[in-house]
Amino acid sequence: MRPKTPPRIALLYPGDREARDRADRSASRFAALFEAFAAAGMAAEPAVWHDDFADEVAAQLRGVQAVLAWCNPIEGGRRRDRLDAVLRDAAADGCFVSAHPEAVWRLGTKDVLLAARGLPFGSDVHRVDSLAQLATELPQRLQAGPRVLKQHRGHGGIGVWRVEAAGGGRLQVRHAQRGATVQDMDLAALWRTLAPYFEPEAGGHMIDQAWQPRVAEGMVRAYLVGDRVTGFGVQAVNALHPDEALPGPRHYEAPDLASCRRLRQDLESSWVGLLRERVGLGAEHLPLLWDCDFLPGEPGADGVERHVLCEVNVSSVFPFPPSCVVPLVQAVLQRVGRQP
């Protein structure tokens with residue numbers, strides 16, 4: 001019998017021409033993952049991506065059985081349009097792609113917060129389709145407390161703004177991007193600031209979410225492989241912490257973290273399924289690696305603590321806890337098997 005050929009796996013991440021030509025697994029931020037694939041008998045190779053050599057990467061993907069992609073929605077000033085087209089073509093040719101652009105679109109944009117409204121982990125969320133709608137609705141909502149306005153698709157706090165009424169027609173506004181500070185402005189200045197997010201190329205709308213007053217207590221990031229929790233990230237100071245300009249470090253923990261036992265149970269038993277159904281994504285199309293950010297919400301009438309979803313990350317989940325590596329490799333092996 002002819003020996004079976006190990007499946008070829010591509011790890012796709014952004015870089016320049018030099019990084020692609022070098023293709024050094026050991027120097028990659030995914031060195032541990034490359035080693036884990038090799039230990040499992042799978043040939044994993046770098047697929048360094050840039051729009052300038054997109055055709056070259058596309059040709060490479062035609063020779064692999066699976067590709068795991070890490071590329072932010074906005075990378076080096078460029079959006080993912082060209083990459084998404086390449087990944088869609090690869091999937092159509094039979095390559096397993098995670099995260100598939102369709103999964104990114106359904107789970108990885110801020111629209112997921114609107115889909116989650118009414119679910120156990122949802123919150124007061126609205127879609128805003130124009131500056132005129134924002135001018136009509138935002139002042140009224142601000143009477144009940146601060147709001148967080150989020151662009152359709154972004155990362156690293158880009159396009160996420162906390163807005164609070166300060167009296168006399170003035171607003172206290174803070175961008176969630178690293179290093180930003182509070183700005184005092186009027187409504188007209190806010191409209192000018194937010195106008196680019198309503199352009200078609202930026203998604204054409206924003207998501208308006210109620211501010212969570214317990215944000216100073218920290219944020220929990222749950223990492224998942226498919227529908228299983230494989231680790232946690234705990235961050236005491238997050239991007240819009242009211243007393244800090246810079247977010248603090250995220251501490252990575254195993255999935256059996258005692259303080260998150262209830263959150264893990266909720267996610268695995270029902271929350272992932274509820275969210276998947278709301279966004280119209282089949283179980284087989286869940287990303288192999290993704291994460292959900294939760295803030296502490298106000299306890300319910302029964303006194304039970306609540307977790308409020310503030311973001312889902314699908315495009316480029318890195319770094320991640322070491323406990324995710326083995327489940328991720330196993331999940332890839334289950335999807336592609338060993339090809340003859």
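How many bridges join strand β8 to strand β9? Four bridges link β8 (residues 147–151) with β9 (residues 160–167), and the two strands run antiparallel. The model is predicted: local features need pLDDT of at least 70 and side-chain atom pairs count only at pLDDT 80 or more, whereas totals for chains, interfaces and linings use all residues. Residues are numbered from 1 along each chain as its sequence is written, and side-chain values use heavy atoms, with hydrogens and water left out.

**The sheet**

Helices (H or I, at least four residues) and strands (E, at least two) are DSSP runs numbered from the N terminus, and two strands pair if DSSP finds at least two bridges between them. An open sheet of six antiparallel-paired strands follows the order β7-β12-β8-β9-β10-β11. Because β7 (125–128) and β11 (183–186) are at the edges with a single partner strand each, one side of each has no neighbour in the sheet. From one strand to the next, the twist averages 30 degrees. Helix α8 (residues 187–194) packs on the sheet, in contact (heavy atoms within 4.5 Å) with β8, β9, β10 (170–175), β11 and β12 (206–210). The direction of α8 makes about 105 degrees with that of β11; such angles run from 0 to 180 degrees between N-to-C directions, and axes are lines fitted to C-alpha atoms, for helices over the stretch in contact.

**Residue K110**

K150 stands opposite V160 in β9. Both K150 and V160 are touched by K110, whose other contacts include H152, I207 and E311, not counting residues up to four places away in sequence. K110 lies in the loop between α5 (101–107) and α6 (111–116). K110 counts as buried (under 20% relative accessible area, with a 1.4 Å probe and protein chains only), because its relative accessibility is 4%.

**Two helix pairs**

The axis angles and distances are set out below.

| Pair | Angle | Axis distance |
|---|---|---|
| α2 (residues 31–39) and α10 (residues 325–336) | roughly 50 degrees | within 10 Å |
| α3 (residues 54–61) and α4 (residues 81–92) | about 20 degrees | 10 Å |

Angles under 35 degrees count as roughly parallel, over 145 as roughly antiparallel, 65 to 115 as roughly perpendicular and the rest as oblique. Helices α2 and α10 are therefore oblique to each other, while α3 and α4 are therefore roughly parallel. In the first pair, A32, L33, A36 and F37 of α2 meet V325, L328, V329 and V332 of α10. In the second, A54, D55, A58 and L61 of α3 make the contact with R82, V86, L87 and A90 of α4.

Definitions and conventions: Buried < 20%, exposed > 50% of the residue type's maximum accessible area, 1.4 Å probe, protein only.
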